[in-house]
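Reader: I have a new model open on my screen and would like to get to know it. Could you walk me through it?

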Amino acid sequence: MKVAIAGAGAVGRSIARELLVNSHDVTLIERKADHVDPDSVSGAKWILADACELAKLEDAQLQTFDVMIAATGDDKANLVVSLLAKTEFAINRVVARVNDPRNEWLFGEDWGVDVAVSTPRLLASLVEEAVSVGDLVRLMTFRQGQANLVELTLPSNTPMAGKPVRRLELPRDVALVAILRGGRVIVPQSDDPIEGGDELVFIAPAEAEPALYDAMQITR
């Protein structure tokens, strides 16, 4: 994919390096000249510009990109970048960094954000994931809350033990995407059995979560 990243601080550069490892075409847009350091991210293109300025994004031909990542340390800037990317350039996927959790409610469809990434929220989710058995933990929200990435750890005495994936009666629009077991990541196949202690990762709409509890025979 062709990816633009607004903000070349530590976060933006780290994202760029990860994407380059996976052979994506990455362009960093940074407004501070002293932050422009091509040697720090080998293989990325660099543009010295303010990504909040429409004319600068036009010069960068943002309409040719597949993804915009607003990764600055300023929530206001990230919202402006997201809105311009979506409304002026019709970018298919806009991902925005949330620096202050109190602003998280703003990062939605009205501001052009497809996925909002809040580091405090992710850290809290990971803490919950580490200690929760029998509870759904939301790891990430997609498409302004239309779907969530959720994790459910089965108790050791789950009645689901031994049941193959093909026999799971999941709610509508819920998909099992991974099984985490003993340090392994298992892409579930129809004949794979469920075991006690498994960490199950689902894509699920919020309204389906109560039914997911019932489907996995979890007592709340």
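Author: Happy to; what follows is a set of questions and answers on this predicted model.

Reader: In what order do the six strands of the open sheet stand?

Author: The pairing in this sheet is parallel. β3 (45-48) and β6 (115-118) each have a single partner strand, so one side of each is left without a neighbour in the sheet and these two stand at the edges. Neighbouring strands are turned by 20° against each other on average, direction ignored. Read across, the order is β3-β2-β1-β4-β5-β6.

Reader: Which residue of β3 is the bridge partner of T27?

Author: Strand β2 covers residues 25-30 and runs parallel to β3, with four bridges joining the two. For T27, the bridge partner in β3 is K45.

Reader: How far apart are the end C-alpha atoms of helix α3?

Author: Helix α3 takes in residues 75-87, which makes 13 residues. The expected span is 1.5 Å times one less than that number of residues. This gives 18 Å, and the end C-alpha atoms agree, since they are 18 Å apart.

Reader: Which residue caps the N-terminal end of α3?

Author: Look for a side-chain oxygen lying 2.8 Å from the backbone nitrogen of K76. The residue that provides this oxygen is D74.

Reader: What do the buried residues of α3 pack against?

Author: The buried residues of this helix include L79, V81 and L84. As a whole, α3 lies across β1, β4 and β5, and runs at about 175° to β5. The packing partners of its buried residues are β1 (2-6), α2 (54-59), β4 (67-70) and β5 (93-98).

Reader: Which element supplies the largest share of the largest nonpolar core?

Author: In soluble globular proteins, nonpolar side chains tend to be buried together. Here the largest core has 21 residues, and I29, L57, L62, M68 and I91 touch the most other members. At least two residues come from each of β1, β4, α3 and β5. The largest share, four residues, comes from α3.

Reader: Which residues does L62 touch?

Author: Leave out residues up to four places away in sequence. The contacts of L62 are then A4, L57, M68, A85, F89 and I91.

Reader: How many residues are in the second, separate core?

Author: Among its members are L154, L168, V174 and A208. The number of residues in this second core is 19.

Reader: Is P159 buried or exposed?

Author: P159 sits in the loop between β8 (147-153) and β9 (175-181). Its relative accessible area is 53%, and the cut-off for exposed is over 50%. P159 is therefore exposed.

Conventions:
Residues are numbered from 1 along each chain as its sequence is written. This is a predicted model: local features need pLDDT of at least 70, side-chain atom pairs count only at pLDDT 80 or more; totals for chains, interfaces and linings use all residues. Side-chain values use heavy atoms; hydrogens and water are left out. Buried means under 20% relative accessible area, exposed over 50%, partly exposed in between (1.4 Å probe, protein chains only). Contact means heavy atoms within 4.5 Å. A polar contact is a pair of N or O atoms within 3.5 Å; within protein, one must be able to donate a hydrogen and the other to accept it, and residues adjacent in sequence count only if both atoms are side-chain atoms. Two strands pair if DSSP finds at least two bridges between them. Axes are lines fitted to C-alpha atoms, for helices over the stretch in contact, and angles run from 0 to 180 degrees between N-to-C directions. A nonpolar core is a set of buried Ala, Val, Leu, Ile, Met, Phe, Trp, Tyr and Cys residues joined through side-chain atoms within 4.5 Å.
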